[in-house]
Amino acid sequence: MSQMKDIARGLSANGAAAGPTTKGHYLLYTDTGKLVVKLWTGETFSDEQLVSSSVRRGSTAGYVTLASNKSLAVAITSDSKLAVFQYDEEEEEWTQDSTLPAVAVHPSGKLAATLWQDSVRVVVQAAGGELVHLSKPASGGAWTSTSLTTAVKPLAGTALSFSHPGSDVFYVSGADQKIHGLGASASWKDSVLTSTQVETLKQLFVVAGGASADASDAYGLTEDNTVLHVPAVGDKVVIGNVQADGTFVSKVKAEYCCPYPQGGNTNTNTTCIIA
């Protein structure tokens with residue numbers, strides 16, 4: 001039950017990421033036009049931090065924990081630009097990364113972020129509808145930006161996810177309304193992940209297995225806060241709903257294994273959900 005409560009809270013937030021302990025998770029909120037990060041301990045919120053006072057209302061956000069007591073938050077600004085903020089615990093403040101390449105975000109564009117193989121990775125839907133991937137060494141260095149031109153007509157406002165764990169990118173294609181994967185180690189080759197179509201998703205997360213259509217499972221949150229399990233083969237299954245207060249109401253009695261939901265921001269650990 002406690003796992004389901006944590007998962008529901010992550011889905012109802014604008015982003016989520018693994019916390020400093022196995023029992024905590026960072027939840028991100030943007031509904032007020034401010035980016036706020038809260039640590040959810042499983043019972044209560046603690047360690048609330050204001051990252052930025054000027055982000056797009058309701059936009060997705062990402063959070064990455066680095067070594068040396070530093071963290072990164074990724075957001076979409078109120079004027080639809082991609083932004084990265086770094087927190088230094090010694091200075092106790094968030095500062096915007098001025099070295100990030102300029103990326104104008106689609107009016108309904110979303111993002112995802114993760115840490116994989118000592119590299120910070122971000123994917124976002126740019127103003128023209130294309131997907132853009134950015135990365136930099138976690139230890140510091142320059143950002144690298146790549147347009148993911150192999151993506152097949154990404155749906156405007158598509159939910160985005162990295163593989164968990166991994167660095168493959170997942171999105172919903174406007175060509176067939178199915179979830180597609182882009183293989184990071186295969187020159188971003190596109191493949192269809194699921195055999196069934198999906199409606200518009202607010203959030204998407206994919207269980208480890210890579211971009212291969214026969215190796216991964218997808219989970220998503222719809223516009224009406226329905227939680228879906230979308231397997232590689234077979235029909236999608238409604239496993240429950242997320243209430244306004246973050247409570248999860250199950251509609252099935254089955255075991256589902258999936259990572260903690262993100263809006264693109266799970267870095268470690270896979271947990272098993274009994275729904």
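These notes cover the fold, the cores, one sheet and the aromatic pairs of a predicted model.

1. **Overall make-up.** The protein has 275 residues, and 55% of them count as buried. Its secondary structure comes to one helix and 23 strands. Among contacts with a separation of 6 or more, 40% join residues 24 or more positions apart. The accessible surface is about 11600 Å². Carbon and sulfur atoms hold 49% of that surface.

2. **Main core.** The largest nonpolar core contains 19 residues. Val74, Leu82, Val124, Leu134 and Trp143 have the most contacts inside it. Five strands each supply at least two residues of this core: β6 (70-76), β7 (82-88), β9 (111-116), β10 (119-125) and β11 (131-137). In soluble globular proteins, nonpolar side chains tend to be buried together.

3. **Leu82 up close.** Set aside the neighbours within four places in sequence, and Leu82 still contacts Val74, Ala75, Leu100, Val103, Val105, Leu111, Val122, Val124 and Leu134. Val74, Val124 and Leu134 also rank with Leu82 among the residues with the most contacts inside the core.

4. **Second core.** Another core, of 16 residues, lies apart from the largest one. Tyr26, Ala75, Phe85 and Tyr87 are among its members. Ala75 is nevertheless on the contact list of Leu82.

5. **The four-stranded sheet.** This sheet is open, with the order β1-β2-β3-β4 and antiparallel pairing. β1 (15-18) and β4 (45-52) stand at the edges. Each has a single partner strand, so one side of each is left without a neighbour in the sheet. Direction ignored, neighbouring strands are turned by 20 degrees against each other on average.

6. **The β2-β3 pairing.** Strand β2 (residues 25-29) and strand β3 (residues 35-40) pair in the antiparallel sense over five bridges. For a landmark, take Leu27: its bridge partner in β3 is Lys38.

7. **Tyr26 and Tyr63.** The whole structure holds six aromatic pairs. In one of them, Tyr26 and Tyr63 sit 4.4 Å apart, centre to centre, with 35 degrees between the planes. That pair is tilted. Tyr26 lies in strand β2 and Tyr63 in strand β5 (residues 62-65), so the pair ties together parts that are 37 residues apart in sequence. Both residues are buried.

8. **Tyr29 and Phe45.** Here the ring centres are 6.4 Å apart and the planes stand at 80 degrees, so the pair is edge-to-face. Tyr29 belongs to strand β2 and Phe45 to strand β4, so the link spans parts that are 16 residues apart in sequence. Phe45 is partly exposed, at 34% relative accessibility.

9. **Aromatic cluster.** Tyr26, Tyr63, Tyr87 and Trp94 form one aromatic cluster. Tyr26 and Tyr87 from this cluster are also members of the 16-residue core.

10. **Gln49.** Is Gln49 buried or exposed? Its relative accessible area is 13%, so Gln49 counts as buried. The residue sits in strand β4, which is an edge strand of the sheet. Beyond the neighbours within four places in sequence, Gln49 contacts Leu35, Val36, Val37, Tyr87 and Trp94. Tyr87 and Trp94 are both members of the aromatic cluster. Gln49 and Glu93 are 44 residues apart in sequence, with their C-alpha atoms 9.4 Å apart.

Technical notes
Residues are numbered from 1 along each chain as its sequence is written. This is a predicted model: local features need pLDDT of at least 70, side-chain atom pairs count only at pLDDT 80 or more; totals for chains, interfaces and linings use all residues. Side-chain values use heavy atoms; hydrogens and water are left out. A nonpolar core is a set of buried Ala, Val, Leu, Ile, Met, Phe, Trp, Tyr and Cys residues joined through side-chain atoms within 4.5 Å. Buried means under 20% relative accessible area, exposed over 50%, partly exposed in between (1.4 Å probe, protein chains only). Contact means heavy atoms within 4.5 Å. Two strands pair if DSSP finds at least two bridges between them. Axes are lines fitted to C-alpha atoms, for helices over the stretch in contact, and angles run from 0 to 180 degrees between N-to-C directions. Accessible areas come from the Shrake-Rupley method with a 1.4 Å probe; for residues, only the protein chains shown count as cover. Rings of Phe, Tyr and Trp (its six-membered ring) pair if their centres lie within 6.5 Å; planes under 30 degrees apart count as stacked, over 60 as edge-to-face and the rest as tilted.
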